[in-house]
Structure formats: structure tokens, C-alpha cells
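Me: I am new to this structure and should be grateful for a close look at a single part of it. Please choose the part, describe it carefully, and then set it beside the rest of the chain.

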Amino acid sequence: MPRALREAWDDFVVWDRNSNSPKAVTRDHVGRHFAAMGLGPALKGEFQVTLRDGKQVAVRPVFDLLKQYLVDTWTQENTHRVTGAPPDAVTNLARQIAQNRTKTLFVTGMGPTTSSTAT
């Protein structure tokens with residue numbers, strides 16, 4: 001990764017389930033690299049971290065916080081307002097996805113399109 005981009009994005013910390021402790025990682029070490037590094041990053045949970053001054057604080061992975069925010073605030077009606085999809089259709093689609101967890105494929109950008117070419 002280019003240094004300027006890395007400095008703009010910065011590195012981050014994951015909670016490693018394998019060592020039950022926080023681990024600093026770079027953006028170059030995500031995905032398949034976690035296993036090679038022996039890391040098992042947690043996506044959910046609350047963990048206690050000791051700060052430099054000795055104070056302990058509770059931390060949670062961003063995925064867990066986002067999931068809670070969506071569960072607490074996002075409704076079929078919100079989805080309808082954003083997408084125009086009827087609330088019942090949103091519920092029905094969610095149920096179908098839940099029943100077919102390994103068989104759902106989301107395809108985007110495949111709708112009807114028209115293009116013109118100069119001749």
C-alpha cells in the first residue's frame with residue numbers, strides 16, 4: 001500500500017480471540033493474512049482494555065456496533081423510504097435469505113441498460 005494512503009487510513013486494532021487481547025494490525029494484514037499471523041479477530045463482543053494510564057475501558061468491534069445500530073434503528077419502513085421496496089417485500093426477502101444462507105447471490109449492476117455507440 002502506498003505510504004500516503006496508509007497514513008490517511010492509519011492502522012487499527014482487532015481483538016484477537018486466540019490470545020484474548022488487542023492486537024495492532026496494518027491494512028496490509030487483513031483477510032487471509034490473519035490466519036498466517038495466528039490471529040482470530042473477533043467481530044462481536046465486548047472486551048476490557050487497559051489504557052496506558054491504567055484505566056480500563058470496554059471496547060467493541062466496529063462490526064458489532066454497526067450491527068447493533070442497524071438492529072436498533074433500521075426498519076422495513078426505513079428501507080422502503082430509501083429503496084422504494086414495499087415493507088412486506090423487504091421482510092419476505094430477509095426471510096428467504098435467512099432460510100438459504102449458503103445459497104444467496106447478490107448481483108448488482110445487471111439491470112437493463114442501454115448504450116449507444118458512435119458510428
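Reply: A residue is called exposed when its relative accessible area is over 50%, buried when that area is under 20%, and partly exposed in between. By this rule Asp88 is exposed, because its relative accessible area is 67%. Asp88 belongs to helix α5, and its C-alpha atom is separated by 9.3 Å from that of Glu77, which is 11 residues away along the chain. The part chosen for the close look is another aspartate, Asp16, together with its surroundings.

Before turning to Asp16, some context is needed. The model is predicted. Its mean pLDDT is 85, and 87% of the residues reach 70 or more. Among the elements, strand β4 (residues 56–59) has the highest mean pLDDT, 96, while helix α1 (residues 3–9) has the lowest, 71. Over residues 114–119 the pLDDT is below 50, and this stretch has 0 contacts in the model beyond near neighbours in sequence. Where pLDDT is low, the predicted coordinates should not be read in detail.

The protein has 5 helices and 4 strands, which follow one another from the N terminus in the order α-β-β-α-β-β-α-α-α. Of its 119 residues, 15% count as buried. Among contacts between residues at least 6 apart in sequence, 15% join residues at least 24 apart.

Asp16 lies in strand β1, which spans residues 12–16. Is Asp16 buried or exposed, and which side chain of opposite charge is nearest? Asp16 is buried and has no salt bridge; the nearest side chain of opposite charge is that of Lys23, 5.2 Å away. A salt bridge requires a side-chain nitrogen of Lys or Arg within 4 Å of a carboxyl oxygen of Asp or Glu, and the distance of 5.2 Å to Lys23 therefore does not qualify. The side chain of Asp16 does make a polar contact, at 2.8 Å, with the side chain of Ser19. Leaving out residues up to four places away in sequence, Asp16 touches Ser21, Lys23, Gly38, Leu39, Gly40 and Pro41.

The loop between β1 and β2 (21–25) contains Asn20. This residue has a positive phi of about 55° although it is not a glycine. Asn20 counts as exposed because its relative accessibility is 55%, whereas Asp16 is buried.

Strand β1 also holds Trp15, which forms a pair with Phe47 in strand β3 (residues 47–50). A pair of aromatic rings is described by the distance of the centres and the angle of the planes. The count of such pairs comes to 1. In this pair, the rings of Trp15 and Phe47 are 4.6 Å apart from centre to centre, with 10° between the planes, and the arrangement is stacked. The two residues are 32 residues apart, and the pair links distant parts of the chain. Trp15 is buried because its relative accessible area is 10%, and Phe47 is likewise counted as buried because its relative accessibility is 15%.

The rest of the chain offers some points to set beside Asp16. The structure holds 1 salt bridge, and it joins Arg60 to Asp64, with the closest N and O atoms 3.2 Å apart. Arg60 counts as partly exposed because its relative accessibility is 27%, while Asp64 counts as buried because the value there is 11%. Asp64 and Asp16 are thus two buried aspartates; Asp64 has a salt bridge with Arg60, and Asp16 has none.

Further along, Thr79 is found in helix α4 (residues 76–83). Thr79 counts as buried because its relative accessibility is 17%. Apart from its neighbours within four places in sequence, Thr79 is in contact with Trp74, Gly84 and Val90. In the segment after α5 (87–99) comes Asn100, which is partly exposed because its relative accessible area is 32%. The side chain of Asn100 reaches the backbone oxygen of Gln96 at 2.8 Å.

To return to the chosen part: Asp16 is a buried residue without a salt bridge, and its side chain makes a polar contact with that of Ser19. In strand β1 as well, Trp15 is connected with strand β3 through its pairing with Phe47.

Key. Residues are numbered from 1 along each chain as its sequence is written. This is a predicted model: local features need pLDDT of at least 70, side-chain atom pairs count only at pLDDT 80 or more; totals for chains, interfaces and linings use all residues. Side-chain values use heavy atoms; hydrogens and water are left out. pLDDT is the predictor's confidence in each residue, from 0 to 100. Contact means heavy atoms within 4.5 Å. Buried means under 20% relative accessible area, exposed over 50%, partly exposed in between (1.4 Å probe, protein chains only). Lys and Arg count as positive and Asp and Glu as negative; His and the chain ends are not counted. A polar contact is a pair of N or O atoms within 3.5 Å; within protein, one must be able to donate a hydrogen and the other to accept it, and residues adjacent in sequence count only if both atoms are side-chain atoms. Rings of Phe, Tyr and Trp (its six-membered ring) pair if their centres lie within 6.5 Å; planes under 30 degrees apart count as stacked, over 60 as edge-to-face and the rest as tilted.
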